[in-house]
Amino acid sequence: MASGDDAIHGREREFACFDEVVAEVAAGGRRTLVVCGSAGIGKTTLVDALVRRARVAGLQPIEGHCLDIDAAVPLGPVIQALADLPSGPPTHARGPAAATDPPPSGISGTVGMVKESPFDRLRAELTRAARRRPVLLVVEDLHWADPSTQDFALALARSFREPLLLALTFRDDDLTRDHPFRRRLAELDGRLGVLRLDVGPLDAVATAALVQRHTAAPADPLVVAELGRRAQGNPLFIEAILADRGPGVPASLRDLLLTRVRALPEDARRLARAASVGGSMIDLPLLTEVVGLAGLTEERFDDGLRGLIDANVLDPRGDQLVFHHALIRDAVSGPAPERTGPPARHLRAADRRTGGPWFHSQHPRPEHPRPVA
Ligand SMILES: Nc1ncnc2c1ncn2[C@@H]1O[C@H](COP(=O)(O)OP(=O)(O)OP(=O)(O)O)[C@@H](O)[C@H]1O
Ligand SMILES: [Mg+2]
């Protein structure tokens, strides 16, 4: 079974970028790498490859992980990462500057009479470590971090002076319009030394290589084309579909795909459900008619649609709307009964009135509604 870089397909551009920034930091520089992309697109896999490169180049890699829980400990991921630092002797290599170093954490919480904040203490600890040896600090899934962890990362990107490669990952499709991390992220955009890496879908060649690795046989072009249509280059989705083998949405992906839909008010969920029974492009005039028949006013329609766009369930494409991912559409339209969607008789009525093929779904539509949640 392939491992390390051999198990990663189609990421040559990212690897080239890693080689460049690792070399810069090994030579004493500072860089911030922001790795972002959809859930399952391969951010962690890439960061693991970055860690391997950093190690070979002599950097000290340390990692902190932010979790999807409300009770996040302030600065928890930073504390977790710094705990991996080997405790080395205090550095005096830089002469006078070292004399102004705050004391190591855990030894004293004060500098003179002024109480040192955990923020300053952790930063001082990182400073000492980076003076001993260039550091790669990875903070994974920063969109879930507590505000102090996000502030810490931003402060490092802005003003850290020692050899450091700061690698931050986040899920961009989790960044709803009013997500608090958006504002912080904007502070990084365009800043000197900050490089943003948008991780995109695997192409057909990489998809075929992934299929071949999983099935231990050359990939059938028809299977690759089918996976391209359903998984749209997302390696997690490709793996789940290969493991599931069925024609529907793999059970292992349902919660992930529906999280953002479930968090929306009922009108938005009804709209998502109504939109999901059409093709990949959403026919807005037809959708308006269908939900109008189901009793949704124009104002509620507009609010619901805005909610779906703000939550990255639907994306504008030109003057059209599409589902953010084909599998979200499939999961929303799923085969189980839908309680909150427009009744099937309304859909059929709209079909008759517009002559449109509203029922172009592979799955038979149930008569009884079910909640998307
Ligand atoms: N380029 C790739 N080639 C082959 N397999 C990959 C590639 N990228 C990711 N994978 C596989 O896809 C799955 C998801 O990858 P990964 O966990 O890195 O995604 P992620 O973007 O970090 O997801 P999340 O948003 O949930 O953190 C893993 O099983 C991984 O091995
Ligand atoms: Mg990840």
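**Notebook: a helix, a ligand site and two single residues**

I began at the end of a helix: just after H1, Gly-28 takes a positive phi of about 105°. I note at the outset that the model I am reading is predicted.

**Entry 1. Helix H1**

I checked the length of H1, which covers residues 12-26. Its 15 residues, at 1.5 Å a residue, should span 21 Å, and the end C-alpha atoms are indeed 21 Å apart, so expectation and model agree.

I then asked which residues of H1 are buried. They are Glu-14, Phe-15, Cys-17, Phe-18, Val-21, Val-22 and Val-25. Viewed down the axis of H1, these buried residues fall within an arc of 160°, so they line one face of the helix. The spacing follows a general rule: an α-helix has 3.6 residues a turn, so residues three or four places apart point the same way.

On the face of H1 turned away from the buried side, I found the exposed residues Glu-12, Arg-13 and Glu-20.

I next looked up what the buried residues of H1 pack against. The partners are strand S1 (30-37), helix H2 (43-56), strand S5 (135-140), strand S6 (164-171) and strand S7 (194-198).

**Entry 2. Helix H7**

I repeated the exercise for helix H7, residues 180-188. Its buried residues are Phe-181, Arg-184, Leu-185 and Leu-188. They cover an arc of only 105° around the axis, which puts them on the same side of H7.

The buried residues of H7 pack against S1, H6, S6 and S7. Of these elements, S1, S6 and S7 also appear among the packing partners of H1. Just after H7, Gly-190 takes a positive phi of about 80°.

**Entry 3. Ligand 1**

I turned to the ligand and counted its surroundings: 20 residues surround ligand 1, and the closest are Lys-43, Thr-44, Thr-45, Arg-171 and Glu-239.

I recorded three polar pairs that involve an oxygen atom of ligand 1. A polar backbone atom of Gly-40 is 2.9 Å from such an atom. For Thr-44, a polar side-chain atom lies 2.8 Å from an oxygen atom of the ligand. For Thr-45, the distance from a polar side-chain atom to a ligand oxygen atom is 2.6 Å.

How much of the ligand does the protein bury? Taken alone, ligand 1 exposes 630 Å², and the protein buries 81% of that. I also noted which elements give two or more residues to the shell around ligand 1: H2, helix H8 (204-215) and helix H10 (235-244).

**Entry 4. Two single residues**

Is Thr-149 buried or exposed? Thr-149 lies in helix H6, residues 147-159. Its relative accessibility is 1%, so Thr-149 counts as buried. Leaving aside neighbours within four places in sequence, I found Thr-149 in contact with Cys-66, Leu-75, Gly-76, Pro-77, Val-78, Val-139 and Leu-142.

Asp-120 is found in helix H5, residues 118-132. With a relative accessible area of 41%, Asp-120 is partly exposed. I compared its position with that of Phe-152: the two are 32 residues apart in sequence and 9.4 Å apart in space, C-alpha to C-alpha.

**Entry 5. The whole chain**

I closed with the totals. The protein chain has 16 helices and ten strands. Of its 373 residues, 48% count as buried. Among contacts with a separation of 6 or more, 75% join residues 24 or more positions apart. The protein chain exposes about 17,900 Å², of which carbon and sulfur atoms supply 55%.

Conventions: Residues numbered from 1 in each chain as written. Chains lettered and ligands numbered in written order. Predicted model: local features only at pLDDT ≥ 70, side-chain atom pairs only at ≥ 80, totals over all residues. Heavy atoms only, no water. Helix = DSSP H or I, 4+ residues; strand = E, 2+ residues; numbered from the N terminus. Expected span 1.5 Å × (residues − 1). Buried < 20%, exposed > 50% of the residue type's maximum accessible area, 1.4 Å probe, protein only. Arc of directions from axis to C-beta. Contact = heavy atoms within 4.5 Å. Near = heavy atom within 4 Å. Polar contact = N/O pair within 3.5 Å; in protein donor to acceptor, adjacent residues only side chain to side chain. Areas by Shrake-Rupley, 256 points an atom, 1.4 Å probe, with all protein chains shown as cover.
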